[in-house]
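Subject: Structure handover

Hello,

Here is the structure I promised to pass on. Please open it first, then read my notes below.

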Amino acid sequence: MNHSTTDIIEVAIPLPLDTTFHYRVPEGLMPRIVAGKRVLVPFGRRKVTGYVLGFVTGEERELREVADVLDDAPLFTPRELEIYRWAASYYLHPLGEVIKAALPAGINVQSRRGTSTDGDAMTGGRRVLTETVYRPITPPPDVDVPRGKASSILSHIQQEGKATAAELRGIFADCAPQLRRLRELGLVVTEEREVYRDPFREESVTPDAPLPLNPGQTEARDRIVAAIDTGRFAPFLLHGVTGSGKTEVYLQTIAHLLDAGRTALVLVPEIALTPQLVNRFRRRFRCGIAVLHSGLSDGERYDEWRRIRRGEVAIVIGARSAIFAPLERIGMIVVDEEHESSYKQSEGFRYNARDLALVRGKMEKACVVLGSATPQVTTWHAAVTGKLTLLSLPERVNGLPVPHAEIIDARGKKADAILPLLADATAANLANGGQTLVFLNRRGFATWLTCEECGHVLRCPNCAVTLTYHQRKNRHVCHYCDYAIPAPSVCPDCGSTRVTHLGLGTEQVEELVRERFPEARVDRMDRDTTRGKGGHARILRKVAERKTDILIGTQMVAKGHDFPGITLVGIVSVESTLNIPDYRSAERTYQLVTQLMGRAGRGEDAGRVIIQTLNPDHYALIHAGTASMEEFYTTELAFRQETGYPPFVHLGAIYLTGTAASAVEQESRRLAGQIRTLRREAGGHVEILGPSPAPLLKLRGRYRWQFLLKAPVRSALHRLLARLRRTYTPPSGIRILIDVDPVDLM
């Protein structure tokens with residue numbers, strides 16, 4: 001049988017395979033084939049979903065045929081495919097899995113076929129909500145109109161011109177029989193209308209107007225607007241002290257952008273930040289605004305994605321994955337709190353949304369604004385060396401200075417979780433009507449349980465960590481794999497009853513605060529208290545409405561929240577970030593402390609910050625405490641240059657994992673020789689550190705060994721990693737993970 005060479009398509013399949021596949025299209029399916037659609041194709045002995053990348057030519061050999069076309073319209077455009085291909089190539093990840101990650105999870109949700117009143121419809125295998133709309137027949141037919149409830153319903157529909165079944169139920173309660181009778185008499189006609197799941201339902205906002213800008217804000221806005229008007233790629237670092245009004249600069253710049261008929265993409269690092277920022281945007285703009293983050297249901301994410309795809313929104317706000325939003329005519333991409341490591345995906349497709357924002361901005365000829373009070377060391381270096389345009393907001397909008405911190409030496413005072421100075425300051429702040437923020441970056445009640453007789457420590461069997469005690473659940477929990485056991489009353493090793501809890505967590509701090517300040521309204525914000533939809537927003541709303549006197553939390557309380565009532569910040573301990581075995585530990589500590597300090601004094605009253613620490617002389621704490629930003633970056637850059645870390649080199653990490661410790665170690669040592677051989681073949685200078693056990697040796701039941709690769713030239717590192725991915729096949733039971741530009745070396 002002869003085939004045309006124009007009926008062959010390239011398909012990416014979302015499996016861990018570094019290649020795409022060719023399939024022949026049957027004549028009956030040809031009219032429906034378009035790049036960007038999904039197809040059902042045979043793969044081995046099964047059929048799988050793949051993504052059409054385009055037609056290919058010059059291939060006459062026998063190929064397997066496409067079984068079905070799954071979409072009525074393309075899911076991605078050629079421009080978006082260009083972004084997917086770039087990301088797959090750079091992060092050394094299969095293209096099919098990149099596309100799957102870029103599309104919303106709800107796109108594959110199945111539901112029943114057909115439609116029902118206010119029910120679901122099937123469209124391309126995806127769940128679509130519909131509602132029934134009733135319209136009056138004009139002129140009405142010459143029939144006897146039923147009296148009573150049916151007459152009232154008909155009058156309402158005629159007066160309004162139309163009404164949905166849900167609206168009518170809200171007014172007339174159960175009215176299905178009356179509606180059915182009106183339809184039988186030909187007095188009304190129905191139609192099915194698609195509706196979106198609305199993540200903003202039941203949330204009203206009061207419109208606001210642009211705020212007056214200070215000179216720093218005005219200059220920043222004007223320079224970004226000028227860059228937008230050129231229609232060329234322009235990257236900025238908007239560095240502003242905490243409370244300096246970066247969001248207002250975003251808002252007024254985007255207003256100019258919308259007037260020019262372009263769109264904006266705004267990235268935030270955490271779900272917890274999204275409600276507050278979205279509220280600011282909804283108060284300011286009447287255009288369509290879509291939200292994309294993992295806190296939405298699959299259906300809500302799919303509906304928001306469809307609104308964007310259809311061009312019904314001009315602004316998209318979301319977390320990491322929103323970088324792939326199908327937004328067109330992008331004029332500006334904002335990466336708020338650009339220093340946050342949560343922009344980096346830690347598993348699977350390990351992309352960095354902050355970096356992809358710059359790549360997409362360049363492709364779209366858009367302006368990219370990286371905003372932060374504590375930019376990454378690499379970002380600051382790029383700005384001072386001219387790779388980014390630096391815009392500075394040195395003053396708070398309220399005119400008050402950023403508070404300096406009082407650093408308390410906590411050495412030798414472990415018996416007191418809250419030292420007297422912090423306790424007295426909290427009491428005084430309560431008396432003055434101020435709100436207090438207490439920070440500790442460890443959730444749970446106690447960090448570990450130990451036996452005083454034999455020294456046994458309760459550890460996770462799946463991970464190389466101790467189990468954290470959660471008093472309210474009366475369980476010991478692993479914060480990496482969620483393994484949990486009931487709290488034992490005797491030592492599981494020797495049977496002694498002399499077991500004790502050591503270490504401090506937010507749950508214990510909450511208990512201590514409630515005991516010391518029984519009159520205070522106390523809330524806790526950590527992963528335990530924010531589980532479930534709306535958990536973050538519920539706690540933040542109470543703080544904003546001044547229904548919380550003392551808020552205790554982990555690092556999520558430091559992330560960009562604006563609460564004018566907080567006038568005291570107490571940092572119980574920062575050792576968990578300062579002492580981790582990672583070259584970024586000082587940077588992360590400086591950023592965390594500075595961000596926490598920035599939560600104080602954002603209203604009309606000045607703020608106060610107290611830090612309890614076992615490392616009072618560390619330069620990260622000293623520079624953060626005195627707001628000596630440039631001094632910190634100078635010190636840290638000198639350390640990075642001396643030890644060979646970014647921005648002076650580029651990094652790649654290789655992990656081997658397996659369930660047998662000896663097998664992973666043995667294979668790591670064998671792989672070391674292969675990597676060194678590939679380095680000679682690839683050319684360029686690449687330093688290879690390892691193999692060595694990962695700092696977190698065991699995670700979720702798998703042992704981990706790692707290599708760290710350093711190269712002054714990015715291309716040399718990338719060539720080596722790409723060759724390794726093509727040529728190395730791990731033995732059975734061993735997995736290899738490659739992380740380009742890692743931000744976490746644990």
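Start with two helices in this predicted model. Helix α1 covers residues 78-90, and helix α10 covers residues 353-364. Their axes come within 11 Å and cross at roughly 140°. An angle over 145 degrees would count as roughly antiparallel. The pair α1 and α10 is therefore oblique. The crossing of α1 and α10 is right-handed.

Which residues make the contact? From α1 come R79, E82, I83, W86 and A87. They meet L356, V359, R360, M363 and E364 of α10. Six residues of this contact are nonpolar, four are charged and none is polar.

Helix α10 also belongs to a second piece of the picture. It lies across β10 (234-240), β11, β14 and β15 (367-372). Relative to β14, α10 runs at about 165°.

Those strands sit in an open sheet of seven, with parallel pairing. The order is β12-β13-β11-β14-β15-β10-β16. At the edges are β12 (289-292) and β16 (389-393), each pairing on one side only. From one strand to the next, the twist averages 15°. Look at β11 (residues 263-267) and β14 (residues 330-336): five bridges join these parallel strands. One residue pair to find there is V266 with its bridge partner V334 in β14. Helix α9 (residues 298-309) packs on this sheet too. It touches β12 and β13 (315-318), and its direction makes about 140° with that of β12.

Now the other sheet. It is open and has six strands, again with parallel pairing. Read the order as β17-β27-β26-β18-β25-β24. Why do β17 and β24 each have one side without a neighbour in the sheet? Both β17 (405-409) and β24 (522-525) stand at the edges with a single partner strand, so one side of each is left free of a neighbour. The strand-to-strand twist in this sheet averages 15°.

For β17, the partner is β27 (residues 608-613), which runs parallel and is joined by five bridges. E406 has I610 in β27 as its bridge partner. Helix α14 (residues 535-544) packs on this sheet. It touches β18 (435-440), β24, β25 (550-553) and β26 (566-573). The direction of α14 makes about 145° with that of β24.

A second helix pair is worth a look. Helix α16 (residues 585-597) packs against helix α18 (residues 629-643). Their axes are 11 Å apart, at an angle of about 165°. Angles over 145 degrees count as roughly antiparallel. So α16 is roughly antiparallel to α18. Here the crossing is left-handed.

In this contact, A586, E587 and Y590 of α16 meet M629, F632, Y633, E636 and R640 of α18. Five of the contact residues are nonpolar and three are charged, with no polar ones.

Last, a single residue. Where is D741? It lies in the segment after β31 (734-740). Its side chain makes a polar contact of 2.5 Å with the side chain of Y90. Leaving out residues up to four places away in sequence, D741 touches Y90, K344, D355, L651 and R714. Y90 falls within the residue range of α1, and D355 within that of α10. That brings you back to the helix pair at the start.

Best wishes

Notes: Residues numbered from 1 in each chain as written. Predicted model: local features only at pLDDT ≥ 70, side-chain atom pairs only at ≥ 80, totals over all residues. Heavy atoms only, no water. Pairing = 2+ DSSP bridges. Helix = DSSP H or I, 4+ residues; strand = E, 2+ residues; numbered from the N terminus. Axes fitted to C-alpha atoms, helices over the stretch in contact; angles between N-to-C directions. Contact = heavy atoms within 4.5 Å. Parallel < 35°, antiparallel > 145°, perpendicular 65-115°, else oblique. Left-handed = near helix turned anticlockwise from the far one by under 90°. Nonpolar A, V, L, I, M, F, W, Y, C, P; charged D, E, K, R; others polar. Polar contact = N/O pair within 3.5 Å; in protein donor to acceptor, adjacent residues only side chain to side chain.
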